[in-house]
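Me: I should like to learn how to read helix packing, aromatic pairs and unusual backbone angles in a structural model. Please take the features one by one.

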Amino acid sequence: MSGRSKPWSSCSCPELAAGQRGGAGGPGAAARLPQEESEAQGRGRRANLGPGDPAIVKSPSDPKQYRYLTLQNGLCALLISDANNMDSVLSEESSEWEDNDETEIETDEDDDSGAEMDEDKENYEDDDNDGDDEEDLNNSDDMEVEELTGKEEAKKRNGTDKLSAAALCVAVGSFCDPEDLPGLAHFLEHMVFMGSLKYPDENGFDAFLKKHGGSVNASTDCERTVFQFDIQQKYFKEALDRWAQFFIHPLMIRDAIDREVEAVDSEYQLARPSDANRRELLLGSLARPGHPMKKFFWGNAETLKHEPKKSNTDIYSRLRDFWQHYYSAHYMNLVVQSKETLDTLEKWVKEIFSQIPNNGLPKPNFGHLTQPFDTPEFYKLYRVVPIRNVHSLSIAWGLPPQERHYRVKPLHYISWLVGHEGKGSVLSFLRKKFWALALYGGNGETGFEQNSTYSIFSISVILTDEGYEHFYEVAHVVFQYLKMLQKRGPDKRVWEEIQKIEANEFYFQDQADPVDYVESLCENIHIFCKEDFLTGDQLLLEYKPEIIADVLNQLCPVRANLVLLSAASKRKCHLKERWFGTQYSVEDIDKYWRDLWASDFPLNQDLHLPEENKYIATDFSLKASDCPDTEHPVRILSTHHGCVWYKKDNKFKIPKAYIRFHLISPLIQQSAKSVVLFETFVNIISHNLAEPAYEADVAQLEYKVVSGEHGLVIRVKGFNHKLPLLFQLIIDQLSDFSFTPAIFEMITEQLKKTYFNILIKPEMLAKDVRSLILEHGKWSMIDRYRRLMKGLDTESLSAFVKGFKSHLYVEGLVQGNFTSRESKDFLNYVVLKLQFLPLPHPCPVQFRVVDLPNTHLLCKVKTLNRGDANSEVTVYYQSGARSLREYTLMELLVMHMEEPCFNFLRTKQTLGSELVDKKIEDFLLYFEGRMRLLTEKAFRTQVSALIHIKECEDSCLGEEVDRNWNEIMTQQYLFDRLAHEVEALQSLTKSDLVDWFQAHRGKERKALSIHVVGFGEQEGDSDVQQSVLSEIYQLTFLPPSSYMKNTSYIRDIRNFTLMLNLLPYHKILK
């Protein structure tokens, strides 16, 4: 899929890429729309001077003010004042320090559950977790609801403050790891938070943030380490001071070393089952000797504990030495965002951060280590056994570092074309051959893919079974396309089209979540010049065809690395990578293809540049309201066929809109077979849409077709000018649905892989087992996988689709820059094109939940991936059907629990699943004691923090839409839910909370433990293997050990649930 402002370009059946890194920006000078300029070069560059620093170019839609300064100690700081709502700006005096001792304990919860086959994005998108998130693919509406309700943004309400946020980037990362201590930079990132001289409490900062509605995170990359946090504005200055102490005088408590090594080792264990991480480590091992890319960046117990002990290395001293050598002020960039004025922020930053020491040492520099992959080992074919069930071909080139060309963005231009999905593209050709399902191309701008020594350009193709058999031909098509681009040279029309699309988006950008925004900007400051801090990763600024051509000409077959990922290669793969245990083999490129690619091979006449894009918006006018404005959506059309809810946007005032429709059918949940047929149907729709809808996608009109639990969900958003065209295209495809047997076979084979890849993740299996026990009538992923493996036929699919389209109830939401009359037309178009009959009876959009017995139950199963040592423990406490007031009590309890729970469960040892379960129970006993000692002040502080979160203003229209859509998807329609929750919170007392907790700890409590047990010595396994991609037909149930011998355990889920009563359908409305 071609990447908008993303560095990576990708093509895939169903999913659309989101925007790039943290969010769009905004400075003191405002960029103009490109179509207002006569010349392409310099578009989006003219500025109107505004408040703040006039040298920093920002979007005209960005109300924030910016100031850049350098402190006396060399630290560079970008200050962002979001004080456009002056009524909410606190005076400096009222923001001064409050409750300095508050961290002391005062003693006087969509990933969707359907299945969508966009499954290899993990390899190509930067992900802060393990890079392996793509199989939250699942497309069901209960996941759709979770996706919306699981975000903090879904708890916001218009009218009050955003959180304040800060991020600090140290220009040091894992490249600086000492040879004898792999992972030291990552370990220091953990240890630096273990208290400071001024605030010695080891968990004081976390507790302070949690108490005031905030969060904290950090990450280590090759050449940068980033720390960030957010918190209520009222406590921002104190939080800044507490946070800064970690860079001024951290304690790095010696006693915490073993515990934090265990935390690092846990991250390593979680990272091991990720094919993306394995690919990085394998490719890194191909670098020249002496290049830091060959290092093991993650670190684990072996490198940070056992090996240092054997060599008598004092890791504590080495940590402090590393901190003193590299955590110097002149290596650091700071970004702060809050509603204070720039002058106030400047005063605070100078007062607090000027204390960070500057050691005067030169910054680490690896720029001389160029061309690390210009080696014979790199230019070969690597066959790799994946964790997941997937065939993919990755083609990579090691290029000179490209960061300095950010104004031209040659890799972005190339990825836009290589990743194109329309007529004449690589993917379009391969799909017609039934060789490929998806294609991703570009550079992800992670430290692995782009640093001061090289840039990687990769093209990865997700292959069908037939495509795997023809992987050399697939590579040849890619090389033919690149050769066509090389012969044509850079095309100014294409470059300007990309520039125009991205400038449109930048001009009308949504305001990003502050913590994401500051995180992105603190890295940008290391890369871009001052005027481009906010535009450098968003806009194409200079057209220099010679730079683009130079990069293009390096993308030749003889300089490429090929990685073929497939379990079918297992017998050939006798080599094993040291750290992640990746099985692989290496061989020369086949002589026939090597000789062909070294020659002047002919071009493919079916491959050509994309045509001019008809979906690019040109009308950005705001429509006048044609009905009274409302605070919440109103139902403007209701018939037996369905209804549509509508709200005109008069807050954000941007020429964008959101269209969402839910096509509800009772057929879907009739059987496991019908669920699988429905998901096959939806994936074929996505496949059929891929080419005709692609131009709309790259023109910032995003769409997604989702297989919900109870219906088909259609989501469309973007500039409203051409949005109806995209919506009508989707409905037309649904109306005229057709498929060939070859497409059916390709999609069902890939659906098997998708189901399998979801189930081998312990956290997904745990969720599936829990759902299987609790949700009556819901067909689990295991059920669906078993049914699909039995086989389906095309006649069954045709019959299902006919039945699905014959009777429906359609519910929609239109919100943004449309009139009410235009909004009614969307529902009318659906009814007109699909010609369906109304449902004879209403179809519930939720499942009934079983009423658990008053005891502690255990369901313990073995993980389905023999190569995964990770276990998953979930303990579910059933409260039953509750009111809105009780729901807020539960939220409040979670806020009180979160930080002490994390701290309590951290351990120096690797524990088995039942010991973890016991430790959770031990925590609840400990927490019970804390609750008895809870002071009124601490209670009120937490209530205020939760209220603040719920009152936090939406940063963009999408957040408001998500919240409203959640009410419609669940058919609750309580659009002012947050206001009701705030009202409930204000009425709560400390005794309400304590009593509620105690009531759920008594003899009548209902608890269900789900254990998914990994393979490892701590679970009694002696023969731990690599991933065994055998078919999954049944779960292996395990009995409890002596730790939980008195717990009732479940050995047959179906028989167990048949004996239980069902709770009634329930909505939380009052």
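Reply: The dialogue below treats helix packing, aromatic pairs, backbone angles and burial in turn. This is a predicted model, in which local features need pLDDT of at least 70, side-chain atom pairs count only at pLDDT 80 or more, and totals for chains, interfaces and linings use all residues. Residues are numbered from 1 along each chain as its sequence is written, and side-chain values use heavy atoms, with hydrogens and water left out.

Me: At what angle do helix α20 and helix α25 pack?

Reply: Helices (H or I, at least four residues) and strands (E, at least two) are DSSP runs, numbered from the N terminus. Axes are lines fitted to C-alpha atoms, for helices over the stretch in contact, and angles run from 0 to 180 degrees between N-to-C directions. Angles under 35 degrees count as roughly parallel, over 145 as roughly antiparallel, 65 to 115 as roughly perpendicular and the rest as oblique. Here, α20 (residues 723–735) and α25 (residues 820–834) pack at about 25°, their axes being 9 Å apart. The two helices are therefore roughly parallel.

Me: What is the hand of the crossing of α20 and α25, and which residues of α20 and α25 meet?

Reply: A crossing is left-handed if the near helix is turned anticlockwise from the far one by less than a right angle, and right-handed if clockwise. The crossing of α20 and α25 is right-handed. Contact means heavy atoms within 4.5 Å. On the α20 side stand P724, F727, Q728, I731, D732, L734 and S735, which meet F826, Y829, V830, K833 and L834 of α25. For classes, Ala, Val, Leu, Ile, Met, Phe, Trp, Tyr, Cys and Pro count as nonpolar, Asp, Glu, Lys and Arg as charged, and the others, Gly among them, as polar. The contact of α20 with α25 has eight nonpolar, two polar and two charged residues.

Me: At what angle do α18 and α20 pack?

Reply: The angle between α18 and α20 is about 125°, with their axes 10 Å apart, so these helices are oblique to each other. Their crossing is right-handed. In this contact F681, I685, N688 and L689 of α18 meet L729, I730, Q733 and L734 of α20. By class, the contact of α18 with α20 has six nonpolar, two polar and no charged residues.

Me: How should one read a pair of aromatic rings, and how many aromatic pairs does a search of the whole structure find?

Reply: A pair of aromatic rings is described by the distance of the centres and the angle of the planes. Rings of Phe, Tyr and Trp (its six-membered ring) pair if their centres lie within 6.5 Å; planes under 30 degrees apart count as stacked, over 60 as edge-to-face and the rest as tilted. The search of the whole structure finds 57 aromatic pairs. One of them joins W243 and F247 edge-to-face, at 5.6 Å centre to centre and 90° between the planes. W243 and F247 are four residues apart in helix α4 (residues 236–248), and are therefore separated by about one helical turn. Both are buried (under 20% relative accessible area, against over 50% for exposed and in between for partly exposed, with a 1.4 Å probe and protein chains only). Y472 and W597 have ring centres 6.1 Å apart and planes at 50°, so their pair is tilted. Because Y472 lies in helix α13 (residues 471–488) and W597 in helix α17 (residues 591–598), this pair ties together parts that are 125 residues apart in sequence.

Me: Why is a positive phi worth noting, and where does K409 have its place?

Reply: Most residues other than glycine have a negative phi, and most peptide bonds are trans. K409 has a positive phi, near 55°, and its place is in the loop between β11 (392–399) and α10 (410–418). K409 counts as buried, at 13% relative accessibility.

Me: Is F434 buried or partly exposed?

Reply: F434 is partly exposed, with a relative accessible area of 26%. Its phi is also positive, near 60°, and F434 lies in the loop between α11 (426–432) and β12 (436–442).

Me: Which residues of helix α23 are buried, and what covers them?

Reply: In α23 (residues 781–790), the buried residues are M781, I782, D783, R784, Y785 and L788. Their cover includes α18 (672–690), α21 (741–759), α22 (762–774) and α32 (1053–1058). After α23 comes G791, with a positive phi near 105°.
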